[in-house]
Amino acid sequence: MIVADTAPTVASLAAELAALTTRPWTLMEVCGGQTHAIVRWGLDQLLPPGMTLIHGPGCPVCVTPAATIDAALSLAARPEVILCSYGDMLRVPGSGASALDGSDDLLGVRAAGGDVRLLTSPLQALALAREHPQREVVFLAVGFETTAPATALLARQALALGVPNLTLLGAHVRVVPAMEAILADPAVGVQGFLAAGHVCAVTGLAELEALVARRRVPVVVSGFAPQEIMAALVACVRRLEAGEAVVANAYGHVVRHDGNPEARALLEEVFMLVDRPWRGFGRVAGGGLALRTPYDQLDAYRRFALPDPAATPEPATACIAAAVLQGRATPADCPAFGTTCTPERPLGAPMVSSEGACAAWYRYRRR
Amino acid sequence: MTERIRLAHGGGGTLMQRLIEEEFLSLHDDPAGVLHDAAVLSLPPGRVAFTTDGYVVQPLEFPGGDIGRLAVVGTANDLAMAGARPLRLSLAMILEEGLELALLRRIVASLAAAACECGVAIVTGDTKVVEQGKGDGVFLTTSGIGVVESPEPIHPLRIRAGDRLLVSGDLGRHGVAILAARHGLDLQPPLASDCAPLWPAVESLLAAGVQLHCLRDLTRGGLASALHELATAAGLSFLLEEDAIPVAEPVARTCDLLGFDPVHLANEGRFVAVVPPEHLEAARALLEPQGGAVIGRVEAGPAQVRLRTPFGSERLLLPPSGELLPRIC
């Protein structure tokens with residue numbers, strides 16, 4: 001396999017990390033893609049003794065509020081609606097039984113006759129809407145700043161072309177406000193971050209620099225391959241050992257300081273910052289993106305008069321997702337892990353996406 | 001006007017008769033070309049292996065194959081995994097009203113070509129037509145009969161600690177070809193399914209005197225599911241070296257992009273062989289030239305499959321759960 005070629009690099013980075021480390025540092029990898037790679041490749045087994053990696057909340061599937069899933073389920077049950085989204089959203093459970101056959105996820109609604117389609121690009125929703133002018137196409141738009149520009153492009157084109165039967169059920173979220181919320185919680189104890197490289201490729205580093213200035217922790221922008229993650233860990237521990245609170249870019253071949261200005265301008269044009277409840281995490285100030293005028297005419301909540309998910313309390317559940325997403329517990333600490341909660345019957349969203357911490361542990365660590 | 005399957009094609013009347021004569025008779029091997037209620041078989045001496053499988057793949061045609069080829073090769077391969085030479089197949093078709101006849105003809109031609117390639121005769125069959133919306137174009141079921149040529153039984157319970165594990169070729173091509181076709185991924189260059197008969201490889205192993213403790217074809221669920229089932233059945237621990245597992249570069253790249261693991265992807269022309277250590281070199285010599293590799297060994301210990309990463313860390317190899325869905329980012 002391709003990654004095998006990086007084994008010598010990874011080994012020397014692990015040795016460098018061990019030589020560098022004098023104290024038991026606690027770091028958080030923010031992005032679910034990094035969590036998956038760490039568990040997939042067993043990178044945590046290569047760390048110096050005492051060093052802890054906490055799996056962060058950077059899985060957009062995991063933090064989408066149950067009320068948003070419920071809205072998608074109720075729309076998908078309507079005969080005129082074609083509900084479309086990304087693959088791993090189709091398995092996320094809502095807060096209870098839906099109108100159609102009691103199914104609690106979109107795959108179940110599809111099995112019961114709902115028209116649920118899987119997309120790999122938001123612009124496919126536009127094509128669907130034009131192919132089916134008599135139907136209502138709803139795109140469940142989730143993701144961080146990585147997928148938000150593609151949703152913004154969809155909104156812009158839908159408005160420019162005057163497509164009347166396309167709406168967006170929006171749940172886009174922003175990473176940096178969640179990092180701020182984690183640092184504000186004294187129970188978590190994160191001393192440094194690996195930031196999500198793909199998000200930074202869009203947003204650039206300015207917002208992270210402001211965070212570091214306020215909170216005095218080192219942040220290293222990291223890629224997703226084993227040697228990139230190990231290099232970022234070395235860079236982060238080097239800053240911690242030196243007592244430097246700075247933003248370092250260890251993913252420089254992808255991330256520029258100003259990010260992708262075109263994508264940022266597109267986000268600016270289509271979205272505004274809002275407070276948003278994150279599933280298992282609570283309300284995150286500035287943690288969401290909402291359609292601004294005139295794009296808000298594409299808002300599915302408005303078109304279908306759905307309740308605002310921000311106003312709906314999180315359902316009570318046996319799931320300890322909140323503690324896992326905040327790094328206060330590991331998946332194995334949960335009594336439901338691998339017993340009543342599995343990827344086939346997930347109780348909480350971190351068990352759904354391959355980037356969720358519980359699913360990653362289930363996939364590679366289950367005993 | 002496009003010719004299509006109608007409900008009357010399944011009604012048993014003259015339309016049905018004509019469909020069978022025009023499209024299907026070419027498949028049967030009765031020298032007189034006469035249809036009868038049951039085929040009467042003369043088989044070579046030996047123990048008989050018997051298997052059945054249903055085929056519901058979408059899309060019906062994909063790079064490197066189609067449902068017809070799959071239905072013949074898949075069932076013939078199941079026979080080969082019991083050490084049996086595939087000889088005869090039955091074929092039941094459930095056609096959906098509205099299916100284009102041109103597509104059906106292509107599938108039938110592909111069935112016939114695959115049967116020829118596998119050396120099997122399709123000796124009996126059945127056709128039904130269901131209303132539009134109640135089928136997915138074509139469902140096929142094939143049952144197969146073969147005669148066992150392996151001198152010793154090939155079975156999970158014959159796996160011993162110390163045995164070696166080999167795969168017969170690189171993994172995941174079929175899974176990626178189907179995913180790409182299903183989700184409209186424009187892979188450059190396009191990747192073809194690995195759908196191919198496995199008996200020739202098994203026959204060459206037997207001819208070389210390789211003792212085969214167990215064989216398993218790597219279909220749905222991929223290498224991970226197959227090895228998990230074998231380890232569980234044998235009550236033994238399997239240890240794999242991840243960088244020994246052959247994966248073609250375009251498969252690895254596509255998996256990386258979509259969040260899949262090649263060991264979870266379906267194959268239709270690959271198998272895993274479990275052989276005692278003294279037969280390893282003979283098996284390796286036959287399988288390596290066709291892309292195969294030694295990937296690990298069997299140890300005493302709890303029934304599980306462990307995988308050592310290229311970085312020296314270890315993880316469990318577990319079967320995939322639920323439908324494989326592309327990840328969001």
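Two strands are taken to pair where DSSP finds at least two bridges between them, and this criterion underlies the strand partners named in the legends below, which describe a predicted model.

**Figure 1. The parallel sheet of chain A, with strand 5 of chain A paired to strand 6 of chain A.** Within strand 6 of chain A, A:L169 is the bridge partner of A:L140, and strands 5 and 6 of chain A are joined in the parallel sense by seven bridges. The open sheet to which they belong has four strands in the order 4-3-5-6, with parallel pairing. Strand 4 (115–119) and strand 6 (166–172) of chain A stand at the edges with a single partner strand each, so that one side of each has no neighbour in the sheet. From one strand to the next, the twist averages 20°.

**Figure 2. Helix 4 and helix 6 of chain A on the four-stranded sheet.** Helix 4 (residues 66–76) of chain A packs on the sheet and touches strand 3 (81–86), strand 4, strand 5 and strand 6 of chain A, its direction making about 140° with that of strand 3 of chain A. Helix 6 of chain A likewise packs on the sheet, touching strand 3, strand 4, strand 5 and strand 6 of chain A, and its direction makes about 175° with that of strand 5 of chain A.

**Figure 3. The packing of helix 6 of chain A with helix 7 of chain A.** Helix 6 (residues 123–131) of chain A and helix 7 of chain A pack at an angle of about 30°, their axes lying 8 Å apart. Because angles under 35 degrees count as roughly parallel, helix 6 of chain A and helix 7 of chain A are described as roughly parallel to each other. Helix 6 of chain A contributes A:L123, A:A125 and A:L126 to the contact, and helix 7 of chain A contributes A:L153, A:L154, A:Q157 and A:A158. By class, this contact comprises six nonpolar residues, one polar residue and no charged residues.

**Figure 4. The crossing of helix 7 of chain A with helix 12 of chain A.** Helix 7 (residues 148–161) and helix 12 (residues 261–270) of chain A pack at an angle of about 55°, with a separation of 9 Å between their axes, which makes helix 7 of chain A oblique to helix 12 of chain A. The crossing of these two helices is left-handed. On the side of helix 7 of chain A, the residues that meet helix 12 of chain A are A:A148, A:P149, A:A152, A:L153, A:A155 and A:R156, and their counterparts in helix 12 of chain A are A:A263, A:L266, A:L267 and A:V270. The residues of this contact divide into nine nonpolar, no polar and one charged.

**Figure 5. The mixed sheet of chain B and helix 8 of chain B.** Seven strands of chain B form an open sheet in the order 8-10-7-11-9-12-13, with mixed pairing. Its edges are strand 8 (214–217) and strand 13 (314–316) of chain B, each of which has a single partner strand, so one side of each is left without a neighbour in the sheet. The twist averages 25° from one strand to the next. Strand 7 (residues 164–167) and strand 11 (residues 293–299) of chain B run antiparallel and are joined by four bridges, and B:L166 has B:V294 of strand 11 of chain B as its bridge partner. Helix 8 (residues 280–287) of chain B lies across strand 7, strand 10 (271–275) and strand 11 of chain B, and runs at about 5° to strand 7 of chain B.

**Figure 6. The contact between chain A and chain B.** Chain A gives 37 residues to this contact and chain B gives 24 residues. Helix 1 (7–20), helix 3 (60–63), strand 5 (136–143) and helix 15 (357–365) of chain A each supply at least two residues of the side of chain A that touches chain B, and the largest share, three residues, comes from helix 15 of chain A. The residues on that side of chain A divide into 19 nonpolar, eleven polar and seven charged. The model scores ipTM 0.74 and pTM 0.82.

**Figure 7. Backbone details in loops of chain A and chain B.** The peptide bond from A:T293 to A:P294 is cis, with omega near 5°, and A:P294 lies in the loop between strand 11 (282–291) and helix 13 (300–303) of chain A. In chain B, a cis peptide bond with omega of about -5° joins B:Q58 and B:P59, where B:P59 is in the loop between strand 1 (48–55) and strand 2 (61–62) of chain B.

Definitions and conventions
Residues are numbered from 1 along each chain as its sequence is written. Chains are lettered from A and ligands numbered from 1 in the order in which they are written. This is a predicted model: local features need pLDDT of at least 70, side-chain atom pairs count only at pLDDT 80 or more; totals for chains, interfaces and linings use all residues. Two residues are in contact if their C-beta atoms, placed from the backbone, lie within 7 Å. Ala, Val, Leu, Ile, Met, Phe, Trp, Tyr, Cys and Pro count as nonpolar, Asp, Glu, Lys and Arg as charged, and the others, Gly among them, as polar. Axes are lines fitted to C-alpha atoms, for helices over the stretch in contact, and angles run from 0 to 180 degrees between N-to-C directions. Angles under 35 degrees count as roughly parallel, over 145 as roughly antiparallel, 65 to 115 as roughly perpendicular and the rest as oblique. A crossing is left-handed if the near helix is turned anticlockwise from the far one by less than a right angle, and right-handed if clockwise.
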